[in-house]
Amino acid sequence: MALLFVTAVATAQVDKIYKHNGEVVEGKVIKLEEYTVIFKYDGEDAENTIGKYAVEKIVYGKTGRVEEVTEKIVVNGEADWEKVVILEEKSYIAGLKKVEEIRGKTGLINYHTGNTADKKAEKKLKMAAAAMGCPFILQTADKTTVGASSNQLGGSQAIKKGIAYKY
């Protein structure tokens with residue numbers, strides 16, 4: 001009976017990290033940073049990192065306190081492109097599932113200024129991710145080239161590349 005009680009108390013001390021994909025990670029949360037959660041698996045000493053975007057909530061074993069981390073972003077198709085989040089650090093996508101490489105670019109001959117070309121390329125990148133049902137993009141390249149005669153004839157072309165991720 002005493003052994004059963006000790007086991008129940010030890011299990012209750014474990015923190016539980018609930019991911020948006022339904023997975024539950026058990027261990028000890030070391031610290032929450034701006035975009036990541038650092039934790040140790042139960043019974044291990046190595047520190048692990050998971051991106052906050054993959055985490056719904058944390059339930060602390062000692063106190064039972066529930067900490068909401070992020071809301072799940074639901075992208076049902078291209079029309080939801082504005083919900084897509086562009087991430088620039090590889091650590092932010094830890095715990096998310098890689099889908100495929102995507103790119104968004106403006107035409108070489110256009111009449112956009114650098115800023116509007118950049119926005120249009122970003123929109124195309126987000127629309128490509130949304131079409132696959134992916135709420136996240138890890139941006140891998142961001143390039144702008146200026147066309148013939150500076151901005152007068154060719155405008156500027158913006159090319160953005162990234163990798164689409166989902167829960």
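Reader: Let's start with Lys-124. Where in the fold is Lys-124?

Author: Lys-124 is in helix α2. Keep in mind that we're looking at a predicted model.

Reader: Why is Lys-124 called partly exposed?

Author: Its relative accessibility is 36%. Partly exposed covers the range between the buried cut-off, under 20%, and the exposed one, over 50%. The value for Lys-124 falls in that range, so Lys-124 counts as partly exposed.

Reader: Which residues gather with Lys-124 in the patch of positive charge?

Author: Arg-103, Lys-105, Lys-120, Lys-123, Lys-143 and Lys-161 gather with Lys-124 on the surface.

Reader: What makes Lys-124 eligible for a patch, as far as accessibility goes?

Author: A patch residue needs over 30% relative accessible area. Lys-124 has 36%, so Lys-124 clears that bar.

Reader: Which elements supply at least two residues each to the positive patch?

Author: Strand β8 (97-105) and helix α2 (114-131) do. The largest share, three residues, comes from α2.

Reader: Okay, step back to the whole chain. How many helices and strands are there?

Author: Two helices and 10 strands. Along the sequence the order is α-β-β-β-β-β-β-β-β-α-β-β.

Reader: How do you know that distant parts of the sequence meet in this fold?

Author: Look at the contacts with a separation of 6 or more: 59% of them are between residues 24 or more positions apart. As for burial, 35% of the 167 residues are buried. The chain exposes about 9900 Å², and carbon and sulfur atoms supply 51% of that.

Reader: Now a lysine that caught my eye. Why is Lys-19 classed the way it is, buried or exposed?

Author: Lys-19 has a relative accessible area of 10%. Buried means under 20%, so Lys-19 is buried. Lys-19 belongs to strand β1 (residues 15-19).

Reader: What does Lys-19 touch, leaving out residues up to four places away in sequence?

Author: Val-25, Ile-50, Ala-54, Val-55, Glu-56 and Gly-95.

Reader: What about Ile-17: where is it, and is it buried or exposed?

Author: Ile-17 is in strand β1 too. At 2% relative accessibility, Ile-17 is under the 20% limit and therefore buried. Its contacts beyond four places in sequence include Val-29, Val-37, Phe-39 and Ile-58. The C-alpha atoms of Ile-17 and Tyr-60 are separated by 8.6 Å, although the two residues are 43 apart along the chain.

Reader: On to charge pairs. How many salt bridges does the structure hold?

Author: Seven. One of them pairs Asp-15 with Lys-28.

Reader: What makes the pairing of Asp-15 and Lys-28 a salt bridge?

Author: The N to O distance between their side chains is 3.9 Å. The rule asks for a Lys or Arg side-chain nitrogen within 4 Å of an Asp or Glu carboxyl oxygen, so the pair qualifies.

Reader: What makes this pair a link between distant parts of the chain?

Author: Asp-15 is in strand β1 and Lys-28 in strand β2 (residues 24-32), 13 residues apart. The partners also fall into separate burial classes: Asp-15 is buried at 2%, whereas Lys-28 is partly exposed at 41%.

Reader: How do you know that Lys-31 and Glu-33 form a salt bridge?

Author: The same test applies: they sit 3.4 Å apart, N to O, which is within the 4 Å limit, so the pair counts. Lys-31 is partly exposed at 41%, and Glu-33 is partly exposed at 34%.

Reader: And why do Glu-67 and Arg-65 count as a salt bridge?

Author: Their N to O distance is 3.6 Å, again within 4 Å, so they count. Glu-67, at 23%, is over the buried limit of under 20% and therefore partly exposed. Arg-65 is partly exposed at 46%.

Reader: Last one, Cys-134. Why is Cys-134 called buried?

Author: Its relative accessible area is 0%, which is under 20%, so Cys-134 is buried. Cys-134 lies in the loop between α2 and β9 (136-146).

Reader: What surrounds Cys-134, leaving out residues up to four places away in sequence?

Author: Cys-134 touches Val-75, Val-84, Val-99, Ala-129, Ala-164, Tyr-165 and Lys-166. Val-74 is 60 residues from Cys-134 in sequence, with 8.5 Å between their C-alpha atoms.

Note on methods: Residues numbered from 1 in each chain as written. Predicted model: local features only at pLDDT ≥ 70, side-chain atom pairs only at ≥ 80, totals over all residues. Heavy atoms only, no water. Patch = residues over 30% accessible without salt bridge, like charges linked within 9 Å, V, L, I, M, F, W, Y side chains within 5 Å. Areas by Shrake-Rupley, 256 points an atom, 1.4 Å probe, with all protein chains shown as cover. Lys, Arg positive; Asp, Glu negative; His and termini not counted. Charge placed at Lys NZ, Arg CZ, Asp CG, Glu CD. Helix = DSSP H or I, 4+ residues; strand = E, 2+ residues; numbered from the N terminus. Buried < 20%, exposed > 50% of the residue type's maximum accessible area, 1.4 Å probe, protein only. Contact = heavy atoms within 4.5 Å.
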